[in-house]
Amino acid sequence: MDNNTQNILIVGVGGQGVLLASELLSEVAMMRGLDVKKSEVHGMSQRGGVVSSHVRIGAKVYSPIIPYGQAEIVMSFEQAEGLRAMDWLAKDGRMIVSTTRLVPTTANFGGLGYPDDPIAEMKKKTKNVIAIEADKIANELGNPRLINTILLAVASPFLGFEKSVWEEAIKKLVKPKFVDINLKAFAQGSKLAEASL
Amino acid sequence: MKKLLSGNEAVARGAFEAGVKLAAAYPGTPSTEILENVAKHFPSIYCEWSPNEKVAFEVGIGGSLGGGRSLVTMKHVGVNVAADPLMTFSYTGVNGGFVFISADDPEMHSSQNEQDNRYFAKFAQIPFLEPSDSQESKDMVLLAFEISEQFDTPVMLRMTTRISHSKGLVETSDPIELGEQNLFDRDVKKYVMVPGHARARHKHILDRTAKLAEYVENSPLNKVESYGTKLGIISGGISYQYAKDIMPETDILKIGIGYPLPNKMIKEFVDAHERVIIVEELEPYYEEAIRIAGIHKIEGKKYFSREGELSPYRVAKGLQKAGVVETVAEPGYDPTQLFPRPPVLCVGCPHRGFFAVLKKLKLTVTGDIGCYTLGTLQPLGALHSCICMGASIGNAIGMEKVNGSKEDIVAVLGDSTFLHSGITGVLDAVYNQSDITIIIADNRITAMTGGQQHPATGYTLMGKKTKSVDIAELCKALGVESVRTVDPLDYDETMTAVKEEIKRPGPSVIITNRPCVLMPKPVYDTPYEVILDECNGCSACFRIGCPAILPSKEMTKKNRPKAEIDPVLCNGCSLCAQVCKPEAIVLTKQPEAVK
């Protein structure tokens, strides 16, 4: 296996902006002249299902899917979805998770319920859990749909691309109307990242 | 210049660079984005949503006969619909190049089966190309058109969900210079497939396949990557990438053209290696073909499943079973410990209304392909069969004919599905007088695939305003005597209509008239809330399966959870308020403050 490949898994629920986040990350890698593959399956994503996007960056990438246990970063926009993505997290990998809880109707009907504290469960399995109240920060900024950008900013120091490249990617890919608020969200997330280092 | 493109975007780009004149399709996951991207980025190409894949294919044939390069795209099951023109177009061959995309869906991410369409190419005796990433998706479109014109044949480009929806870097180029278009030549011996002509064309197919068998031995699409190992791997498509990821320095024969196979090349490769393992997704297509060619020192499906998608893990496990890989990273977290998060009908979805009625009346419901198939999920559980596009009506007729009046049967299908292949079903119900009720859930868009126009929306794929078929008038013209329209989110009105129509002799049609809550524009209205003091915990609102209705922490005296409504998710469809007997669900007083 090619050990020089950087693997990042981004997960969440339909409508949370998982695909935009992986698009931004891929764009940044591409601007830095690296090979990139990213993979996700759409179709059902609009209807409240799980959305996951695999991003692989390196000199030459083959499989667009990350093998189990090889993601150095897992970003989860929802607590329990982070738990579902644990299989991909590398032993010394980092789990960056928003404290957002989205409980589906199906979890209300007997059987398997929504876990009481998914983040505590994660901490039992890995030491590097960074939990961020991204929904709270997003609401303070005035738009609940910023969890993706905030988490990307928190992850950015571990990804090794300069801040200016991220800003350039945001300007290129985000709808013009939402560029400013996304730049603000990125700045907020970066502050948190510095604090957590 | 390099761009990050999905396989589907790359095919659209390839069509542009190949000088395609015409592109036609019916939407179907995972193929839909190809034509959406053609329409969005390459306005020089005439493109259309056709009513179904058969028509799209025939339009494409027309384009080819007229001398223009033509592209037709569809999901794997779409090829079943288009199989009729395909099988005979193989006989006539082309004028302008003709390429169609079969986008297969291993793992059935969004499909009713996972058929392996590589067999279709063999069945029709036409070449197929199989890309393994976005760059190849683009390059192979150009090459497929060359092969089509050189060998006088339609060509299939076989994608899979993983190729269509994964993104990778693609080197783009300017469109190629094509010579002057060869206008239609009235060569009736080539294009009029009556028995006398078709017999001669069958010979053409056999000659063509023999020539192609030579061609594929020297095509750069089939290639050996040598590292001097005793083990050899044969693979193609996405499986090649997984194999490379796991064993980057093992000899590998990558298949780019899967029909006909390069048998000489394969024999040399097999002879030169101690062991050869074939890594392929779904059926043992290569394995069978290679054995038929008399090459037997190969191993394959005994290590890999025929079910579902391959993945780095599944390929590694197979290679471990074969004894050529030692350790494989195992998943450590058991996902069955976690609650499922299946797709559900959206908050405010108009389909929920009539499904609540069908559930209440405990009717047998034959279903169809679309968002409304989700009506089968609990707690609604109000749809009981789903086979293929348009099947609901025929299924209902057959069931009614064998059961007589023992039960009332309702067929449910959407507007786009009705126009795709439900019209002939209605015709049969009228012609053979079947006592069924047909609900056409008209949300005025092809919703499941992400919101495409169709013949009743009034717009074309290219964004032009056009005629819009009147579904009610069409049903009347087919001979249905009772055609009525209801608001599916008016519970009582829908209840009355269904009760009356199921009792009516002969076929009747109920058309629901609410547009999709998401597309083309999201519908928002004042959200509802639950007055907890009034809620008696009867759970009637839970049973409509709305994602915005949650159990409250507050319990009734009988220790049942009361209901709560998420004010951000709720968009005010009002269905829950209508089924709430104690009238505990009311409009929020301060909608502005909440939204």
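# Two chains, their contacts and their strands

Student: How many salt bridges does the rule find across the interface of chain A and chain B?

Tutor: This is a predicted model, in which local features need pLDDT of at least 70 and side-chain atom pairs count only at pLDDT 80 or more, while totals for chains, interfaces and linings use all residues. Residues are numbered from 1 along each chain as its sequence is written, chains are lettered from A and ligands numbered from 1 in the order in which they are written, and side-chain values use heavy atoms, with hydrogens and water left out. The rule for a salt bridge asks for a side-chain nitrogen of Lys or Arg within 4 Å of a carboxyl oxygen of Asp or Glu. Across the interface of chain A and chain B, the number that this rule finds is 4.

Student: How much area do chain A and chain B bury between them?

Tutor: Buried area is the accessible area (1.4 Å probe) that two parts lose on being put together, summed over both. With contact taken as heavy atoms within 4.5 Å, 49 residues of chain A are in contact with 53 residues of chain B. Of the area that the two chains bury, 62% is on carbon and sulfur atoms, and the total is about 4,500 Å².

Student: Which residue of chain B meets the side chain of R56(A) in a salt bridge?

Tutor: Side chains of opposite charge can pair when their charged atoms come close. For R56(A), the N to O distance is 3.1 Å, and the partner in chain B is D245(B).

Student: Is E501(B), which forms a salt bridge with R484(B), buried or exposed?

Tutor: In the pair of E501(B) and R484(B), the closest N and O atoms are 2.8 Å apart. E501(B) lies in helix α20 (residues 491-503) of chain B and R484(B) in strand β17 (residues 482-486), so the pair ties together parts that are 17 residues apart in sequence; here helices (H or I, at least four residues) and strands (E, at least two) are DSSP runs, numbered from the N terminus. Buried means under 20% relative accessible area, exposed over 50%, and partly exposed in between (1.4 Å probe, protein chains only), and R484(B) at 23% counts as partly exposed. Because the relative accessible area of E501(B) is 1%, that residue is buried.

Student: In which helix of chain B do E473(B) and K476(B) both lie?

Tutor: These two residues form a salt bridge whose closest N and O atoms are 3.4 Å apart. E473(B) is partly exposed at 44%, and K476(B) is partly exposed at 42%. They stand 3 residues apart, about one turn of the helix, and the helix that holds both is α19.

Student: Which strands stand at the edges of the sheet of 7 strands in chain B?

Tutor: The sheet is open and mixed in its pairing, with the order β3-β2-β4-β5-β7-β6-β12. Each edge strand has a single partner strand, so one side of each is left without a neighbour in the sheet. The strands in question are β3 (46-49) and β12 (257-259).

Student: Which residue in β12(B) stands opposite L129(B)?

Tutor: Two strands pair if DSSP finds at least two bridges between them, and β6 (residues 128-129) of chain B pairs with β12(B) over 2 bridges in the antiparallel sense. Opposite L129(B) in β12(B) stands I257(B).

Student: Why is strand β13 of chain B described as largely enclosed by the rest of the structure?

Tutor: Strand β13 (residues 275-279) pairs with β10 (residues 231-236) of chain B in the parallel sense over 5 bridges, and L231(B) stands opposite R275(B) in β13(B). The strand is largely enclosed because, of its 5 residues, the number that are buried is 4.

Student: What is the phi value of L282(B), in the loop between β13 and α13 (285-292) of chain B?

Tutor: L282(B) is buried, with a relative accessible area of 1%. Its phi is a positive value in a residue other than glycine, and that value is near 60°.

Student: Which proline follows T29(B) through a cis peptide bond?

Tutor: The omega of this bond is about 10°. The proline is found in the loop between β2 (22-25) and α2 (33-41) of chain B, and its name is P30(B).
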